[in-house]
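Here is a briefing on a protein–DNA model. Look over the sequence and structure first, then read the points below.

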Protein chains: 2
Amino acid sequence: MSHLNKTIKDVAKHANVSVATVSRVLNNLDRVSDKTRKKVKKAIEELQFVPNSLAASMITKQTKMIATIVPNIQNSFYTSVIQATADVAKAEGYFTFVFPTNDSVEEEEAFFQGVLSKNVEGIVLVGTQTNPDAYKTIDKQIVLVDRYIENSGLDGVVIDNFRGAYEATTHMIEKGHTDIAILSGPTIYSNWKERYWGYQQALKDHGIKANPAYMKEGNWQEDSGYEMTLNLMRMDQPPTAIFATSYILCTYAINAIRDMNLVIGEDISLVGFDENDLAQFIRPKVTVVRRPTYEMGTHAATMLINKLKHKNKLDPHPKKLTLSVELLKNGSVKDLK
Amino acid sequence: MSHLNKTIKDVAKHANVSVATVSRVLNNLDRVSDKTRKKVKKAIEELQFVPNSLAASMITKQTKMIATIVPNIQNSFYTSVIQATADVAKAEGYFTFVFPTNDSVEEEEAFFQGVLSKNVEGIVLVGTQTNPDAYKTIDKQIVLVDRYIENSGLDGVVIDNFRGAYEATTHMIEKGHTDIAILSGPTIYSNWKERYWGYQQALKDHGIKANPAYMKEGNWQEDSGYEMTLNLMRMDQPPTAIFATSYILCTYAINAIRDMNLVIGEDISLVGFDENDLAQFIRPKVTVVRRPTYEMGTHAATMLINKLKHKNKLDPHPKKLTLSVELLKNGSVKDLK
DNA sequence: TTGAAAGCGCTAACAC
DNA sequence: GTGTTAGCGCTTTCAA
C-alpha cells in the first residue's frame, strides 16, 4: 500500500466535484449527469486512481473475498477443486485465498483466525475436523467438499462414495474374485468411511466373508499405499484383487506392483479411484471409479456464492449435494471364471 | 462480515477500559499492566471478539496479503511453486491469493485490477507478459518466477535453463546421437527461449547442423506434445532422440511413444524436464533435467517478503536469482556407439 | 443532480 | 499506564 496512492479525494479535487460524486461514478450509481461522469472518469484516468476496496468493505460489509481450504495443494483432486472455485469466483468477481492445512487441525485453526479477521465472506472447505460442532463458532458461510460432517448443519458437496465402492467391489466379485483387499485412507472422514462401507456391503451381499487382513487403512498422505500393497502381496494367501480407494493410493499401488514384477490384470487385479496419469498410461488401463472432481468444486463455489448473495432469504436447512460416480471398466480386473 | 460482529469498542466497554488499551493488548504493545491485559483478554474471550484487520490495514498500510499468479494451477510445477509460497507466507503471517491466468493477458490484467484494489502488498508472478514495461504501472513489489523479463527492473527467480538444455543435449550427443529433436513451448518466454538456445549451442559446439524439421514449438498447454511426437516419428528420417523441455511435453511424448509401440531407450531416446510420476514410473526411467521447483517458490516468496519488510532500505538493483539444475541420467538415452 | 458530513473499526499521536 | 481524539479512504444518508 503505497503512501503515494491517490484517493477519491484527489480525484474529486482534480475533477472539481465532491467525493460523493466520485463514489457514485465509481459504483455506477444513478443520478450523475453524463457530463460530470465523463469529467470524473477523465480524472480517474489521469491520476491512475485505483480505488481502495478495503475502505469500501468497511462500510458495505462486503469484501468479495472467499477462502478455499484443502489438506494439500499438490494432490490432483484438490487442485481440481481449487481450479473450479477459482473459476467460479473469477466469474462472480470474488477473490480466493488458498490454504493447505496438511491435514493439521492446528494449522487449519490458525488459518481460520487469520482469514476471518480479513473478513472473508465464505469458505470452501475440505476440513480436518470431523466433530459436528467443530465449525460452529465460525460465523461465516461454509460449504464442505468431499468430507461431509453429518449433523453439523453445514452445506456440502460430496460424491456417492458408498455406491462407487459398492459397484467397484461388485465388479470384482462378478469377475470371480473373493479375496479382495481394500486400501483405505483414514476412515474418520466420511468419504473413506463410506467407501469402506460400500466395499463391505458388496462382499456381504454376495455372501463373501470379509477378511480383516485384507483391509488396510493408511493415511492418505504420501506413500502408505506402497507399503500396504507390498504387505498384502507378501501374505501367505495374497488377495487376487485390490481396491485402491484414492488417486494417491492407486498410484503407489501401481508402483509397488510393478516393483514386485507382477502384471496388473494378470497376477493381480486392481480398481482405483479417480482417473490419473499413471492409471491411464499403463495397459490395460486401470479400472477406476470416476468422480466429477471439477464439478464438485464448481458446485461448492456456486452454492457458497449464492448463499452470500441471498443472505437475507437463507434456506435454514443444510443442503448436501451428492454427485454420482461412474465405474470405468478398463481391463485391470482379470476374469477368473 | 456479520453485522453482529463485536468491535474493539464493545471489548473496551466490557472490560471497562479505553479502546486504545484494547488495541495495545491486541498488538502486544508495551506499557499495559498485567492486570489490565488480563482483564482485556478475558473480555475478548467472552465476547468471542475477532479483530477486523482490514480496519487496521487502513491505518498501518499493511495488509499482510500477497498474491501468487500462475498460468495454471493443475500443472505440478506451478503447484509446487504455490505450495512453496503458501508455506513461506504462512510462516511469515501472510495470506495468499492464488490466481490462474490460463496464460491470458486479459485475465491477468483483470485480476491485477481487482487484487490491487485489495491492497496486496506484493506479487509472486509467473506472468503472461514479456514486454519489459508490461508491469511498470503495477505499484507493488513483484518477484517473477521461471519466466524472467530482462530490463524490466524486476526481481526474479529462475533456473539455469541454458545449461540444463545444453547438458541434456550434450549427453545425447555423447551417446552418439546426431538426429536430436526438441519439443519446446512458446519461445517468447525466457525459459523456453533459453532451453532452445542451450540445445542449439550444444549441437553447434559438437559440429552438428541443426535440422529445423526437428524443432517443434507448441504451446505448453495440454496435448501439443503428443501430436508433435507423432509427427516427428512419422518423418522419413525420424530423430533418434527427443528432448522434451517440460514436464507436460514429456508426459505426452511418453504417451505418444507408447501408442506407436516404440520402446523408450531402444527405439527412441528421450530426455525430459522435471521429474514426474510417469517419467519415474516407466523403465528405464526417463533421463530428466531436474530443477528445484519448490525452492524456486520459497526463494521467490522469501525475496518478496524481505522486500516488504525492508521497504525503506530497498536495494535499487534488480536481483535475478538463478538456481542450478541437474541432469539425472536414468537410462532412457540409448548408447549408439 | 450534487455536496456536506457522519461514520465503518481501528491505530497512533498526544495528553494526563 | 491509560484515555481522548483525529483520521485511514470510502459509502451513504440528508439537504440543497
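A:P284 sits in the loop between α11 (277-281) and β10 (287-290) of chain A. Helices (H or I, at least four residues) and strands (E, at least two) are DSSP runs, numbered from the N terminus. The bond between A:R283 and A:P284 is a cis peptide, with omega about -5 degrees.

This is a predicted model, in which local features need pLDDT of at least 70, side-chain atom pairs count only at pLDDT 80 or more, and totals for chains, interfaces and linings use all residues. Residues are numbered from 1 along each chain as its sequence is written, chains are lettered from A and ligands numbered from 1 in the order in which they are written, and side-chain values use heavy atoms, with hydrogens and water left out.

**Backbone points**

- In chain B, the peptide bond from B:R283 to B:P284 is cis, with omega near -5 degrees.
- B:P284 lies in the loop between α11 (277-281) and β10 (287-290) of chain B.
- A:N16 has a positive phi, near 60 degrees, and is a residue other than glycine.
- A:N16 is placed in the loop between α1 (8-15) and α2 of chain A.
- Most residues other than glycine have a negative phi, and most peptide bonds are trans.

**How the two chains are related**

- Chain B superposes on chain A after a rotation of 180 degrees with 0.1 Å of shift along the axis, at an RMSD of 0.1 Å. That is the relation of a two-fold axis.
- In chain B, the C-alpha nearest the axis belongs to B:F97, 2.2 Å from it.
- The superposition is by least squares on the C-alpha atoms of residues with pLDDT of at least 70 in both copies.
- The copies meet through the same surface, because 96% of the interface residues of chain B are also interface residues in chain A. Contact here means heavy atoms within 4.5 Å.

**DNA strand C**

- DNA strand C is surrounded by 25 residues; the closest are A:T21, A:R24, A:T36, B:I8 and B:S23. A residue counts as near a strand if one of its heavy atoms lies within 4 Å of it.
- Sugar and phosphate make up 66% of the atoms of DNA strand C that come within 4 Å of the protein.
- Polar side-chain atoms reach phosphate oxygens of this strand from A:T21, at 2.7 Å, and from B:S23, at 2.7 Å. A polar contact is a pair of N or O atoms within 3.5 Å; within protein, one must be able to donate a hydrogen and the other to accept it, and residues adjacent in sequence count only if both atoms are side-chain atoms.
- A base nitrogen of DNA strand C lies 3.3 Å from a backbone N or O atom of B:A55.
- α2 (19-26) and α4 (53-60) of chain A, with α2 (19-26) and α4 (53-60) of chain B, each supply at least two residues of the surface near DNA strand C.
- α4(B) gives the largest share of that surface, four residues.
- The surface near DNA strand C has twelve nonpolar, nine polar and four charged residues. Ala, Val, Leu, Ile, Met, Phe, Trp, Tyr, Cys and Pro count as nonpolar, Asp, Glu, Lys and Arg as charged, and the others, Gly among them, as polar.

**DNA strand D**

- DNA strand D has 26 residues around it; the closest are A:I8, A:S23, A:I59, B:R24 and B:T36.
- For DNA strand D, sugar and phosphate account for 63% of the atoms that come within 4 Å of the protein.
- The side chain of B:T36 places an N or O atom 2.4 Å from a phosphate oxygen of DNA strand D.
- B:T21 has a polar side-chain atom 2.7 Å from a phosphate oxygen of the strand.
- B:S18 uses a backbone N or O atom, 2.8 Å from a phosphate oxygen of DNA strand D.
- By class, the surface near DNA strand D holds 13 nonpolar, nine polar and four charged residues.
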